[in-house]
Amino acid sequence: MFVLDKSTSVQLENEALEMLKELQAQAKKNGAKVKVGVVIFNKEAHKSDFMDLETQYDAIAAAIRENISSGTNLSAGILAGKKMLDEDTQVAAGRKSLVLLSDGIT
């Protein structure tokens, strides 16, 4: 789960995309099946569906690049990401991760 503060610089967006590339390479190398969800937030959270990293990489990257602005509600982003992870009952809790990218300024 990528949770990305869209009030931050393009630098953090690029870092998220680089992490996504690295995750894709590791998944391919290990033969792992990886689902990725994206939550972007400003004053409210906007979430994607879970997508297959192998077959939907471009859609995941597009969700990370989506442009929204105005405000920073860190709590909304984290809560939306956690809710998505909790609702995915097909994956054990210990195999889920949430990556938060933010400048920390509220």
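## A walk around the predicted model

E13 sits in helix 1. This is a predicted model, and E13 is a handy place to start looking around it.

### E13 and its partner K6

You might expect a glutamate to be out on the surface, so is E13 buried or exposed? With a relative accessible area of 16%, E13 is buried, because the cut-off for that label is under 20%. Its partner is K6: the two side chains meet in a salt bridge, with N to O at 2.5 Å. The same pair also shows up as a polar contact between side chains, again at 2.5 Å. K6 has a relative accessibility of 11%, so K6 counts as buried too.

What else does E13 touch? Leaving out residues up to four places away in sequence, E13 touches L4, K6, I64 and R65. One of these, I64, comes back below as a core residue with many of the contacts there.

### The other salt bridges

The model has five salt bridges by the rule used here. Three of them are set out below, including the E13 pair.

| Salt bridge | N to O distance |
|---|---|
| E13 and K6 | 2.5 Å |
| D88 and K35 | 2.8 Å |
| K83 and E87 | 3.3 Å |

Take D88 and K35, whose side chains meet at 2.8 Å. This pair ties together distant parts of the chain, with the two positions 53 residues apart: D88 is in the loop between helix 3 (74-87) and strand 6, while K35 belongs to strand 2 (residues 35-36). Their surroundings can be described too. D88 is at 11% relative accessibility and counts as buried, whereas K35, with a relative accessible area of 34%, is partly exposed.

K83 and E87 make a local pair. Both lie in helix 3, four residues apart, which is about one turn of the helix. K83 counts as partly exposed, at 44% relative accessibility.

### The nonpolar cores

Now for the greasy part. In soluble globular proteins, nonpolar side chains tend to be buried together. In this model the largest nonpolar core has 20 residues, and those with the most contacts inside it are L20, V36, V38, L53, I60 and I64. Which elements give two or more residues to this core? They are strand 1 (2-5), helix 1 (10-30), strand 3 (38-41) and helix 2 (57-65). Apart from it lies another core, this one of seven residues, among them V3, F41, A80 and L85.

V38 is a good residue to click on if you want to see the bigger core from inside. Not counting residues up to four places away in sequence, V38 touches M1, F2, H46, K47, S48, I60, A63 and I64.

A63 is on that list, so let's go there next. A63 lies in helix 2 and counts as buried, at 14% relative accessibility. With neighbours within four places in sequence set aside, A63 is in contact with V38, I40, S48 and M51. S48 therefore appears in the contact lists of both V38 and A63, since contact here means heavy atoms within 4.5 Å. For a sense of spacing, A63 and E18 are 45 residues apart along the chain, and their C-alpha atoms are separated by 14 Å.

### Out at the surface

A few residues are worth a look on the outside. K21 is in helix 1 and is partly exposed, at 48% relative accessibility. Its C-alpha atom is 8.7 Å from that of Y57, although the two are 36 residues apart along the chain.

S69 is in the loop between helix 2 and helix 3. Is S69 buried or exposed? S69 has a relative accessible area of 53%, so S69 counts as exposed, the cut-off being over 50%. S69 and F41 are 28 residues apart in sequence, with 8.3 Å from C-alpha to C-alpha. F41, remember, is one of the residues in the seven-residue core.

Finally, not every nonpolar side chain is tucked away. Which residues form a nonpolar patch on the surface? They are I78, L98 and L100, and together they have about 200 Å² of accessible area. L100 is in strand 6 (residues 99-101). With a relative accessible area of 37%, L100 is partly exposed, because that value falls between the 20% and 50% cut-offs.

Methods:
Residues numbered from 1 in each chain as written. Predicted model: local features only at pLDDT ≥ 70, side-chain atom pairs only at ≥ 80, totals over all residues. Heavy atoms only, no water. Patch = residues over 30% accessible without salt bridge, like charges linked within 9 Å, V, L, I, M, F, W, Y side chains within 5 Å. Areas by Shrake-Rupley, 256 points an atom, 1.4 Å probe, with all protein chains shown as cover. Salt bridge = Lys/Arg side-chain N within 4 Å of Asp/Glu carboxyl O. Buried < 20%, exposed > 50% of the residue type's maximum accessible area, 1.4 Å probe, protein only. Core = buried A, V, L, I, M, F, W, Y, C linked by side-chain atoms within 4.5 Å. Polar contact = N/O pair within 3.5 Å; in protein donor to acceptor, adjacent residues only side chain to side chain.
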